[in-house]
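Student: Could you take me through the internal cavities of this one, and then what the nonpolar packing looks like? I'd like a close look, residue by residue where you can.

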Amino acid sequence: MSDSDLGGVLMALSVVLAAAHATGYIFERLRQPRLVGEILAGILLGPFVMGRIAPEAYATLFGQAAGADRTGVVLGFVYWFGLIFLMFISGSQVRGVLAEENRGQTAWILGVGTPLPFFLVLALGLFSVLPIDPLVGAAGERMATLLVLSIAVAVTSIPVISRIFYDLRIMHTRFASLILGAAVFEDIVLWAVLAVATALAGAAALPEGDVVRAVSSHVGATMAYVTLALFVMPRVVRAVSRWRWNVFRKSSPLGYVVLVLFVYGAVAALLKVNMVFSAFLAGYGVVGGIGGTERERFAPVLQAIEQFAAATFVPMYFTLVGHRLVFGAEFSLPMLLLFVAGSSLLALLSVALGARAAGFRGLDVLNIAITTNARGGPGIVLASVAYDAGIINAAFYTTLVLAAVITSQIAGVWLRMVLSRGWPLLASNPEETWLPKGAAAPSAAPASEPVEAPVAAPKELSVSGSAGITPGEG
């Protein structure tokens with residue numbers, strides 16, 4: 001790579017990173033999810049804004065011009081690195097969120113709220129009630145597209161919900177534990193289903209008999225990988241971490257954790273398991289495998305990875321997601337409106353049914369249903385993986401990304417309204433709100449002021465560095 005090539009790459013990375021942080025900061029000050037601003041930055045830098053206003057600059061910046069293909073390759077690398085680190089961080093944060101007091105109620109929400117919309121959409125698609133052909137991507141595999149559609153209706157965002165809880169100072173509440181506990185197990189199952197969908201898409205060109213063998217082999221490898229990653233590898237990581245001859249850990253604990261992430265990914269590639277799923281399981285396994293006194297030692301290491309990734313690769317990933325959105329002839333506004341309305345209604349009703357079966361009533365049910373409908377990062381990751389695999393087309397990719405943004409916005413606005421009015425998140429825990437009983441609701445702080453809770457949060461609701469979410473994460 002020549003100096004001019006390297007200069008072009010650095011210029012493109014500088015523009016993407018600067019735009020991501022600028023718009024993310026503005027949206028954060030407006031009390032909106034940071035990732036929405038980062039996606040907007042990608043739209044502004046994309047072919048439908050910058051590409052029309054300054055086509056030559058756009059072509060040079062994003063590797064579209066002659067001789068600038070190296071820039072496109074590097075941006076693709078950054079895109080995937082951001083996605084892998086995002087999933088690793090998500091996996092590392094989900095250990096220990098399921099409080100014992102919530103396990104029975106979480107089981108009801110998970111057992112009804114997730115399977116019901118998934119299997120209902122799957123059944124409607126199999127009986128041709130739902131039109132699948134307008135969503136099918138380059139691979140031409142309808143079943144894979146139907147699986148992605150079913151996942152998209154049921155998925156819940158761990159990173160975005162965690163960030164909303166952090167911003168609202170409710171991360172340590174029983175409500176937060178209930179929501180995140182259900183989301184953890186839900187996402188593990190749905191990522192496994194996505195692995196099956198990508199296997200179907202990859203085997204689409206094979207003869208019919210070979211497709212069955214290829215998919216069966218892939219599913220078997222994926223299930224074996226998941227079982228090892230969830231139940232065996234945490235113990236292996238724990239043993240290796242304590243091994244006195246582990247020079248990698250002694251030399252650099254941070255480098256050691258990143259090495260574990262890379263090894264997870266390399267093994268997944270050999271088994272042809274989805275790389276994004278492997279990154280999630282790596283985060284889960286690393287935290288699960290580090291216990292006792294080692295956990296305290298590795299806490300700053302995991303926090304350093306979070307902070308670096310949240311400041312560089314992750315915001316650039318969301319910006320490049322926005323850059324890929326289509327708003328021309330391929331974009332379908334009716335598709336977006338129908339999907340957002342239909343999928344949200346189905347998800348809300350399913351989770352509400354599960355919440356009522358768990359014993360919740362009234363406002364509790366509404367709070368749980370609206371919060372779990374936030375699809376955020378996982379919804380966007382689902383769209384990215386499915387689009388790259390040729391499972392869905394550009395119009396449905398844009399629909400899934402925008403639906404993830406819209407549902408996340410609604411969840412954040414709803415929870416802020418509930419807390420600002422002094423309503424409890426759960427009737428059984430009336431102390432989990434911003435306002436003491438009988439206090440008047442505060443007026444909203446101006447957007448130019450730092451975002452703080454209207455009154456000092458009770459001690460049990462305060463957020464410490466152990467919450468696992470760093471300011472600036474999308």
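Tutor: Sure, and keep in mind that this is a predicted model. Let's start with the second largest cavity, whose lining consists of Ala152, Val155, Phe339, Arg375, Gly379, Leu382, Leu400 and Ala404. Two helices, α19 (376-388) and α20 (394-420), each give two or more residues to that lining. By class you get 6 nonpolar residues, 1 polar and 1 charged. The volume comes out at about 40 Å³.

How many cavities of 30 Å³ or more turn up in the whole structure? The search finds 2. The largest has about 100 Å³ of space. It has 15 lining residues, and the closest to its centre are Ala154, Thr156, Glu186, Val351 and Thr372. Here α6 (103-113), α8 (142-154), α17 (333-357) and α18 (363-372) each supply at least two lining residues. The class split for the largest cavity is 8 nonpolar, 5 polar and 2 charged.

Now for the packing. In soluble globular proteins, nonpolar side chains tend to be buried together. In this model the largest nonpolar core has 108 residues, and Ile39, Val148, Tyr317, Ile380 and Val381 have the most contacts inside it. Helix α5 (residues 69-93) is the top contributor, with 11 residues. If you zoom in on Tyr317, leaving aside residues up to four places away in sequence, you'll find that it touches Tyr79, Gly82, Leu83, Leu86, Ile380, Val381 and Ser384. There's also a second, separate core of 30 residues, including Ile368, Ala369, Ala374 and Ala411.

Terms used:
Residues are numbered from 1 along each chain as its sequence is written. This is a predicted model: local features need pLDDT of at least 70, side-chain atom pairs count only at pLDDT 80 or more; totals for chains, interfaces and linings use all residues. Side-chain values use heavy atoms; hydrogens and water are left out. On a 1 Å grid over the protein atoms alone, a cavity is a set of points where a 1.4 Å probe fits but cannot get out, and a pocket is an open set with protein on both sides within 12 Å along at least five of seven lines; lining residues have an atom within 4 Å of a point. Grid points are joined across faces, edges and corners, and a volume is the space filled by probe spheres set on the points. Helices (H or I, at least four residues) and strands (E, at least two) are DSSP runs, numbered from the N terminus. Ala, Val, Leu, Ile, Met, Phe, Trp, Tyr, Cys and Pro count as nonpolar, Asp, Glu, Lys and Arg as charged, and the others, Gly among them, as polar. A nonpolar core is a set of buried Ala, Val, Leu, Ile, Met, Phe, Trp, Tyr and Cys residues joined through side-chain atoms within 4.5 Å. Buried means under 20% relative accessible area, exposed over 50%, partly exposed in between (1.4 Å probe, protein chains only). Contact means heavy atoms within 4.5 Å.
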